[in-house]
Amino acid sequence: MADTTQTEVQSGSIDELARTVSTSDKLAMIREVETTFDSLFTWDYEKGKRQQLTKLYEKAKTSQWNAETDIDWSIGGQIDAARDPNNPLNTMGATDEGPFANLSAEQKANIGHASMAWTLSQFLHGEQGALLCTAKIVDAVPWIDAKYYAATQVMDEARHVEVYAKYLREKLEWEFPVNIHLRELLDDVISDPRWDFTYLGMQIMVEGLALAAFGFQYQFSPDPLLKQITRYVMSDEARHVAFGVLSLQEAYQDLSAAEIKERQEFCYEAALRMRDRFLSQEVWEALDMPVKECCEVMLHNGVQIEFRKVLFSKIVPNLKKLGLLDAGDGWLRRKFGELGVLEYESWEDTGAEYERLQLGTPI
């Protein structure tokens, strides 16, 4: 039976959760976010002082792939696969609650197509967020070993943006605007002047959730092309999350209790906002379905609750490895307990597992 405690904790009212971006924002091609942070030069160019980061950098240099030549774009990727009611990823139209009670086969197929395009669109927007955040990390992190690795991640993220944009444009022929909850989180992460908050928000929270979502997609997708793309992206993302874990372990050793509590609170708020974006608000809006009522169903549906919990399977052990889960009086542990995700705390952290997710290793 699903643990319904997750439904009792929300980042806002149902009206707030059901929000989508405005029409003007949907039409705008550029979004400006004001940022202020220190750009740090280092004159210490000695490589290898942080051996684990150096190892990660060497792995990144030999793991680059080309989205045009290494991906076989001739296989799979058909709209029919997204519309197939037997596609195990099409869970959003499988319920018969509320507005979903009397849907025709065509309407359910439309939900399948829209939900797949929506999911990959949010991956696309998140990858651009990662691209900008990692460029900031190159600029702001004080260690040369971290600058070296972050520079390789900038290339990785550009490749991810490229590959998802192409799949959406050429294969699904449908792209959705950024989810407003994701957009607001990305705005906060990129605009915060403290470099470790960019690390924490992107490398640990956003990328950690994405890595879990990619694993789910890789396991269940019947599309060989999407499966191939996901496998390549996962190999990069595992290194990115490991980069955050390895870097922040050192950075958080000397912080005060007040500074640690501030980071715990940020992680909890980020967790709520990321979870709440998985109500597929933009799908219901695009299909002229009642957005608020559909979000209510998604919020309380047992399958959707379990799916949103699994998304934290990479985040919780990584925060435990950083010491944030139990720091101070255990505030973050209690809050994550309310979300029902502490079952993942003993899972292996990504700093230890990333090598098993590299290309050429079966998963």
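Visitor: At what angle do helix 5 and helix 7 pack, and how far apart are their axes?

Guide: Two packed helices are described by the angle between their axes and the distance between the axes. In this predicted model, helix 5 (residues 105–140) and helix 7 (residues 180–191) pack at about 5 degrees, axes 10 Å apart. That makes helix 5 roughly parallel to helix 7 (angles under 35 degrees count as such). Axes are lines fitted to C-alpha atoms over the stretch in contact, and angles run from 0 to 180 degrees between N-to-C directions. Helices are DSSP runs (H or I, at least four residues), numbered from the N terminus.

Visitor: Which residues make that contact?

Guide: Contact means heavy atoms within 4.5 Å. Helix 5 brings Gln122, His125, Gly126, Gly129, Leu132, Cys133 and Lys136, while helix 7 offers Leu182, Leu186, Val189, Ile190 and Ser191.

Visitor: And helix 13, which of its residues are buried?

Guide: Buried means under 20% relative accessible area (1.4 Å probe, protein chains only). In helix 13 (residues 302–310), that covers Gln304, Ile305, Phe307, Arg308 and Lys309. They pack against helix 8 (195–220), helix 10 (257–276), helix 12 (291–300) and helix 15 (331–339).

Visitor: How many residues does the largest nonpolar core have?

Guide: Picture buried Ala, Val, Leu, Ile, Met, Phe, Trp, Tyr and Cys joined through side-chain atoms within 4.5 Å. Here the largest such core has 112 residues, with Leu200, Trp284, Leu319 and Phe336 making the most contacts inside it. Helix 9 (residues 224–251) supplies the largest share, 14 residues. Beyond four places in sequence, Leu200 touches Met205, Leu248, Tyr252, Arg263, Phe266, Cys267, Leu319, Leu322 and Leu324.

Key
Residues are numbered from 1 along each chain as its sequence is written. This is a predicted model: local features need pLDDT of at least 70, side-chain atom pairs count only at pLDDT 80 or more; totals for chains, interfaces and linings use all residues. Side-chain values use heavy atoms; hydrogens and water are left out. Buried means under 20% relative accessible area, exposed over 50%, partly exposed in between (1.4 Å probe, protein chains only). Helices (H or I, at least four residues) and strands (E, at least two) are DSSP runs, numbered from the N terminus. Angles under 35 degrees count as roughly parallel, over 145 as roughly antiparallel, 65 to 115 as roughly perpendicular and the rest as oblique.
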